[in-house]
Structure formats: C-alpha cells, structure tokens
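Here are some short exercises, each followed by a worked solution. Have a go at each task yourself before you read on.

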Amino acid sequence: MNEKILKLMEEYIEIEESEVEFQDVKLAMVGHEIDHAVLDSKLIAITNKTEEYKEILRLTVEDENNSYFIPVFTSEDEAEKCIKEMGLDSLDFEYELEVMEGVDIFEIGLDDETFVGLVINPYDTDFIVPKEDLLHTSQCNHNSVM
C-alpha cells in the first residue's frame with residue numbers, strides 16, 4: 001500500500017547502520033522525507049467501536065505520564081500481524097482496519113501531551129516518528145496542521 005514510506009525507512013536504517021560521511025545530516029534529511037510521506041499518505045489504523053464512538057488503537061508506554069504511540073500500518077498484512085501479536089483477534093473486541101490520511105491520524109493526538117508519536121508497522125519495523133518531528137513538518141507544509 002505504501003511503498004514510498006517503506007523505501008525511505010529502509011534507506012534511513014541503512015544510513016543509521018553505516019558509517020557514511022555526513023551521517024547525521026543524511027539521517028535528518030531522510031527522516032524529514034519520512035515525516036512528509038507519513039503526513040501525506042493514506043495509512044491503516046486499527047479502530048475499536050466502543051459504545052457510541054470510534055476510538056483509535058493506542059500503544060501505551062509504561063511511564064509516569066501514561067504516554068502513548070498511535071500505531072499505523074503500510075498494509076493490511078502489517079495490521080493483521082499486530083492484531084495477532086496483541087491477541088486482539090481472541091478478545092471480545094470489535095476492531096476494524098480503517099484507511100485514513102496520515103495527517104488525520106496525527107491530528108488525533110496533536111493536542112494531547114501524552115501522545116509521543118506514530119509507530120509504523122509495530123511488530124515488524126517498529127519505526128517511530130516523534131510528534132515533534134511531525135509537528136515541525138506539518139508547520140512547513142502548505143496543508144499545515146495547527
């Protein structure tokens with residue numbers, strides 16, 4: 001579904017694991033491209049219909065703030081891996097896979113201090129895109145999130 005993001009993540013990891021000249025600059029450039037791709041792409045989120053509203057799945061960090069990441073997926077296969085790994089398919093849990101704009105997923109946590117970012121394909125690449133990076137990227141975009 002989202003080859004561009006996957007390709008950029010591979011490039012980032014390759015640079016990170018190498019000792020190339022200007023490694024930090026190259027990582028920052030590719031990281032910024034990833035931020036743009038995430039905000040400008042359609043991604044898959046797992047949602048749960050509880051009572052009268054729909055809630056997006058969150059992965060909570062065990063810290064004093066109850067911080068959380070929103071997992072996003074580049075394909076249905078990746079989302080299904082997460083569902084299986086978390087055991088959601090064996091719970092009384094009414095989930096669905098929802099294709100959403102990356103910017104819309106980001107906006108869900110934008111004003112929440114405990115939201116720390118998006119995690120792409122957890123249980124596979126587990127690539128983290130911090131909230132601060134996405135906020136900076138969205139502010140330099142014409143389709144700005146504010």
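**Exercise 1.** Decide whether Asn-66 is buried or exposed.

*Solution.* Step 1: recall the cut-offs: buried means under 20% relative accessible area, exposed over 50%, and partly exposed in between (1.4 Å probe, protein chains only). Step 2: Asn-66 has 53% relative accessibility, so it counts as exposed. Step 3: place Asn-66 in the loop between strand 3 (59-60) and strand 4 (68-72); helices (H or I, at least four residues) and strands (E, at least two) are DSSP runs, numbered from the N terminus. Step 4: check the backbone, where phi of Asn-66 is near 55°, a positive value in a residue other than glycine.

Before you go on, note that this is a predicted model, in which local features need pLDDT of at least 70 and side-chain atom pairs count only at pLDDT 80 or more, while totals for chains, interfaces and linings use all residues. Residues are numbered from 1 along each chain as its sequence is written, and side-chain values use heavy atoms, with hydrogens and water left out.

**Exercise 2.** Find which parts of the chain the salt bridge between Lys-42 and Glu-101 ties together.

*Solution.* Step 1: a salt bridge is a side-chain nitrogen of Lys or Arg within 4 Å of a carboxyl oxygen of Asp or Glu. Step 2: in the pair Lys-42 and Glu-101, the closest N and O atoms are 2.6 Å apart. Step 3: Lys-42 belongs to strand 1 (residues 42-50) and Glu-101 to strand 5 (residues 95-101), so the bridge links parts that are 59 residues apart in sequence. Step 4: look at exposure: Lys-42 is partly exposed at 45%, and Glu-101, at 27%, is partly exposed too.

**Exercise 3.** Work out which residues are joined with Lys-81 into one network of salt bridges.

*Solution.* Step 1: Glu-78 and Lys-81 meet in a salt bridge (3.3 Å, N to O). Both lie in helix 3 (residues 76-86), three residues apart, about one turn of the helix. Step 2: Glu-78 has 10% relative accessibility, so it counts as buried, whereas Lys-81, at 37%, is partly exposed. Step 3: Lys-81 also forms a salt bridge with Asp-124, with the closest N and O atoms 3.4 Å apart. Asp-124 sits in the loop between strand 6 (115-120) and strand 7, so this pair ties together parts 43 residues apart in sequence. Step 4: through shared partners, Glu-78, Lys-81 and Asp-124 form one network.
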